[in-house]
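Student: Can you walk me through this one? I'd like to get the basics before class.

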Amino acid sequence: MRAAVLHEIGQDKLEVLDDVEAVGFGPGKVRIRVRAAGLCHSDLSGMSGVLPQPAPFVPGHEGAGEILEVGEGVGHLKAGDRVVVCWLPACGACPACKRGQTELCLAGFMNAGTPNFRRPAGDVFGMAGTGTFTEEVVVDAGCAVPIPDDVPFDIAALIGCGVTTGLGAALNTADVQAGSSVAVIGCGGVGISAIQGARLKGAAEIVAVDPVLSRRESALKFGATRAVSPDELADAKQQVTAGEGFDYVFEVVGKSATARTAYDTTRRGGTLVVVGAGAMDDNLQLNMFELFFDEKRILPSMYGGGDVMTSYERTIALWRAGRVDLAGLITHRVPLSDINEALDQMRTGTSLRTCIEI
């Protein structure tokens with residue numbers, strides 16, 4: 001079967017090969033025919049080494065498709081079921097799950113260390129234990145979440161990560177209050193989803209911050225009240241908040257420099273939400289006095305900061321009601337054979353989300 005493979009961490013191109021086999025099928029597993037995948041910036045971070053990921057590997061962790069086969073002991077799924085791939089399934093038994101913090105369950109991360117593909121040259125891993133830039137993938141049954149028939153595969157793929165992360169950051173983690181002021185730094189697919197979440201919660205002012213003009217223009221269509229480049233943020237802070245700072249600032253880039261800017265842009269007593277996934281050696285510096293004196297809340301948001309299944313269902317309900325625009329997030333479509341074109345679109349900022357049609 002075909003799959004896009006990164007041979008070594010640090011390479012910037014994927015090779016689409018036809019000698020890849022999905023392996024690991026057995027009890028508790030399902031085999032999925034992938035129909036659509038979304039390219040998330042975390043895939044680029046895995047390729048570059050910013051996020052730890054064993055190689056060689058098949059990138060992609062946003063995906064949707066059809067169940068081809070279910071292993072022994074899998075009772076809630078059957079061949080033909082339409083599913084979205086969940087890269088962070090909840091085991092239901094660990095301390096985090098028992099506390100209701102299923103987004104902190106580590107079961108999914110354990111999958112990342114087990115190869116789920118093979119080539120004649122040896123084992124191949126899947127991004128975050130999945131790997132959706134492929135025609136077929138074998139995953140734990142918990143990674144396959146059934147979706148209703150009216151949800152297209154491309155829409156479902158986005159719900160699998162970017163939309164859930166961005167919406168959840170605003171709805172769950174920050175719990176944005178009506179009438180508040182919001183700034184979102186980084187307006188790709190996740191940032192735009194955070195903007196939509198803030199709009200749903202009734203934020204009065206939503207300032208989108210991004211260096212790419214097309215993304216700023218898109219942000220206005222999705223609910224931002226104004227859109228500025230990074231060097232215009234200080235002026236926007238002055239104009240919108242009289243210099244005090246925003247009630248909520250979302251950092252959706254994953255770099256200490258933008259996190260520091262986000263902290264400085266947050267008002268005293270306000271909330272900084274860290275959404276971007278950054279490198280382990282990129283340290284954010286804050287002094288102990290400002291932490292104490294400013295009383296700003298710093299809230300990391302992992303996968304939207306809430307129960308994944310609840311978030312999926314909520315997103316589908318909001319999409320059906322026309323309250324969130326998911327189709328509009330897909331700005332480009334490419335076949336699997338043109339996956340490197342999608343990577344270029346992400347790197348240059350010309351896309352919000354590129355749908356990989358498989």
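Tutor: Sure. Start with a term: two strands pair if DSSP finds at least two bridges between them. By that rule, strand 15 and strand 16 pair in the parallel sense, over five bridges. Keep in mind that this is a predicted model.

Student: In strand 16, which residue is the bridge partner of F250?

Tutor: V273.

Student: And how many bridges join strand 12 to strand 15?

Tutor: Four, and those two strands run parallel. One facing pair there is A183 and V249, with V249 in strand 15.

Student: How many residues of strand 15 are buried?

Tutor: Six of the six, so strand 15 is largely enclosed by the rest of the structure.

Student: What about helix 9, which residues are buried there?

Tutor: Helix 9 covers residues 256–265, and its buried residues are S256, A259, A262, Y263 and T265.

Student: What covers them?

Tutor: The cover includes strand 12 (181–185), helix 8 (233–241) and strand 15 (246–251). Strand 16 (266–274), helix 10 and strand 17 (297–300) are also part of it.

Student: New topic. Which residues have the most contacts inside the largest nonpolar core?

Tutor: V30, I32, F133, V182, I195, F250 and I356. That core has 96 residues. You met F250 a moment ago, as the partner of V273.

Student: What lies apart from that core?

Tutor: Another core, of 13 residues. Among them are I185, V209, A236 and L272.

Student: Why do nonpolar side chains get together like that?

Tutor: It is a general tendency: in soluble globular proteins, nonpolar side chains tend to be buried together.

Student: Back to V30. What does it touch?

Tutor: Leaving out residues up to four places away in sequence, V30 touches F25, I67, E69, V70, V74 and L77. It also touches V137, V138, V139, D140, A141 and A144.

Student: Where is F25?

Tutor: In the loop between strand 3 and strand 4 (29–38).

Student: Is F25 buried, exposed or partly exposed?

Tutor: Partly exposed, because its relative accessibility is 33%. Not counting residues up to four places away in sequence, F25 touches V30, R31, E69, V70, G71 and V138.

Student: And how many Å separate the C-alpha atoms of F25 and P230?

Tutor: 48 Å. Along the chain, the two residues are 205 residues apart.

Student: You mentioned strand 3. Which sheet is it in?

Tutor: An open sheet of four strands, in the order 3-8-9-5, with mixed pairing. Its edge strands are strand 3 (21–22) and strand 5 (57–58), and each pairs on one side only.

Student: In what sense do strand 3 and strand 8 pair?

Tutor: Antiparallel, over two bridges. Strand 8 is residues 117–119. One bridge joins E21 to R118 in strand 8.

Student: Switching again. How many aromatic pairs are there?

Tutor: Two, from a search of the whole structure. In one of them, the rings of F289 and F293 have their centres 5.1 Å apart and their planes at 15°, so that pair is stacked.

Student: Where do F289 and F293 lie?

Tutor: Both are in helix 10 (residues 288–294). They are four residues apart, about one turn of the helix.

Student: Are they buried or exposed?

Tutor: F289 counts as exposed, because its relative accessibility is 54%. F293 is partly exposed, with a relative accessible area of 41%.

Student: What sits over the ring of F293?

Tutor: The charged end of R268, 4.1 Å from the ring centre. Elsewhere, R82 lies over the face of F153, at 4.4 Å from the ring centre.

Student: Last topic. How many disulfides?

Tutor: Zero.

Student: Why is there no bond between C40 and C161?

Tutor: The sulfur of C161 is the closest cysteine sulfur to that of C40, but at 4.3 Å it is too far for a bond. A disulfide here needs the sulfur atoms within 2.5 Å. C40 counts as buried, at 5% relative accessibility.

Student: And C94, which cysteine sulfur is nearest?

Tutor: That of C97, 3.6 Å away, and C94 is in no disulfide. C94 is buried, with a relative accessible area of 19%.

Technical notes
Residues are numbered from 1 along each chain as its sequence is written. This is a predicted model: local features need pLDDT of at least 70, side-chain atom pairs count only at pLDDT 80 or more; totals for chains, interfaces and linings use all residues. Side-chain values use heavy atoms; hydrogens and water are left out. Rings of Phe, Tyr and Trp (its six-membered ring) pair if their centres lie within 6.5 Å; planes under 30 degrees apart count as stacked, over 60 as edge-to-face and the rest as tilted. Buried means under 20% relative accessible area, exposed over 50%, partly exposed in between (1.4 Å probe, protein chains only). A charge sits over a ring if NZ of Lys or CZ of Arg is within 6 Å of the ring centre and within 35 degrees of the ring normal. A nonpolar core is a set of buried Ala, Val, Leu, Ile, Met, Phe, Trp, Tyr and Cys residues joined through side-chain atoms within 4.5 Å. Contact means heavy atoms within 4.5 Å.
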